[in-house]
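Let's take a walk through a protein model, from the overall layout down to single residues. Have your viewer ready and follow along.

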Amino acid sequence: MSENMEKDHNRRVGVAMDYSATSKSALKWAAHNLLTHGDQLILIHVEPPNSDTPRKLLFQDTGSPLIPLEEFREIKLEKQYGLRNDAEVLDVLDSLATSKGVRVVAKVYWGDPREKLCEAVEDLKLDSLVLGSRGLGSIKRVLIGSVSSYVVKNASCPVTVVKGRPLPLPNSKP
């Protein structure tokens with residue numbers, strides 16, 4: 001197998017996750033269309049700079065250590081890092097790990113999501129980043145800025161912005 005073919009099956013794919021409907025759509029899109037056996041999925045969660053999670057003081061400059069899927073259900077993660085124990089997200093992640101052989105981890109950053117997602121691309125050496133679009137109106141986009149527009153313009157890897165309704169996963173409940 002050529003080096004390029006081998007590399008294609010060991011990609012590092014980031015998905016921005018804030019537990020909104022659009023970020024869940026992005027995760028489902030990546031699961032359905034992008035991730036394959038041997039890939040690593042890194043769920044990237046950005047807490048606001050004023051967040052009061054206990055681990056912020058330790059990791060606000062570098063982001064948290066990588067958190068394996070096996071630890072996602074632990075209550076302490078929500079308290080320490082702000083990661084939610086979201087059943088819908090966990091179902092998708094479990095399915096990816098068991099049926100597709102995708103390695104799943106999470107990393108938490110603190111700060112402006114636009115800047116931190118671009119930092120994550122470099123820090124994690126991502127091959128691709130997937131994020132949802134909130135669909136801000138033109139006035140809000142001008143006033144507060146679009147995270148997806150900023151990341152598309154500034155990230156050093158390919159970025160996919162998922163718009164619209166979530167796609168159902170094959171063999172999943174609607």
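What follows starts with the whole chain and then moves to a cavity, the cysteines and a handful of residues.

First, some housekeeping. This is a predicted model, so local features need pLDDT of at least 70 and side-chain atom pairs count only at pLDDT 80 or more, while totals for chains, interfaces and linings use all residues. Residues are numbered from 1 along each chain as its sequence is written, and side-chain values use heavy atoms, with hydrogens and water left out.

Now the overall layout. The protein chain has eight helices and six strands; here helices (H or I, at least four residues) and strands (E, at least two) are DSSP runs, numbered from the N terminus. Reading from the N terminus, the order of elements is α-β-α-β-α-β-α-α-β-α-β-α-α-β. Of the 174 residues, 45% count as buried, where buried means under 20% relative accessible area, exposed means over 50% and partly exposed is in between (1.4 Å probe, protein chains only). The accessible surface adds up to about 9,800 Å², and carbon and sulfur atoms own 53% of that; these areas come from the Shrake-Rupley method with a 1.4 Å probe, and for residues only the protein chains shown count as cover.

How much of the contact network links residues at least 24 apart in sequence? Take the contacts between residues at least 6 apart: 80% of them join residues at least 24 apart. A contact here means heavy atoms within 4.5 Å.

Next, the inside. A search of the whole structure turns up one cavity of 30 Å³ or more, and the largest cavity holds about 60 Å³ of space. On a 1 Å grid over the protein atoms alone, a cavity is a set of points where a 1.4 Å probe fits but cannot get out, and lining residues have an atom within 4 Å of a point. Grid points are joined across faces, edges and corners, and the volume is the space filled by probe spheres set on the points. Which residues line the largest cavity? They are Y19, L43, F72, L77, L83, R84, V89, L90, L93 and A106. Helix α5 (residues 87-99) gives the most to this lining, with three residues. By class, the lining has nine nonpolar, no polar and one charged residues. For that tally, Ala, Val, Leu, Ile, Met, Phe, Trp, Tyr, Cys and Pro are nonpolar, Asp, Glu, Lys and Arg are charged, and the others, Gly among them, are polar.

Y19 from that lining deserves another look. It sits in the loop between β1 (12-16) and α2 (21-33), and at 9% relative accessibility it counts as buried. Its phi is near 70°, a positive value in a residue other than glycine. Most residues other than glycine have a negative phi. K125 also has a positive phi, near 55°. This lysine is in the loop between α6 (113-123) and β5 (128-132), and K125 is exposed, with a relative accessible area of 62%.

On to the cysteines. There are zero disulfides in the structure, a disulfide being a pair of cysteine sulfur atoms within 2.5 Å. Why does C118 have no such bond? Because the closest cysteine sulfur, in C157, is 8.7 Å from the sulfur of C118, too far for a bond. C118 is buried, with a relative accessible area of 12%, and C157 is buried as well, at 10%.

Two loop residues and two more from regular elements round out the tour. S64, in the loop between α3 (56-59) and β3 (67-68), is buried at 1% relative accessibility. Leaving out residues up to four places away in sequence, S64 touches F59, Y81, K107, V108 and W110. D39 is in the loop between α2 and β2 (40-47) and counts as buried at 0% relative accessibility. The C-alpha atoms of D39 and V102 are separated by 5.2 Å, although the two are 63 residues apart along the chain.

K28 belongs to helix α2 and is buried, with 14% relative accessibility. Its C-alpha atom is 7.1 Å from that of V92, 64 residues away along the chain. Finally, T160 is in strand β6 (residues 159-162) and counts as partly exposed at 24% relative accessibility. Apart from neighbours within four places in sequence, T160 contacts W29, L129, V130 and L131.

Definitions and conventions
1 Å grid on protein atoms, 1.4 Å probe; cavity = no way out; pocket = protein on both sides within 12 Å on 5 of 7 lines; lining within 4 Å.
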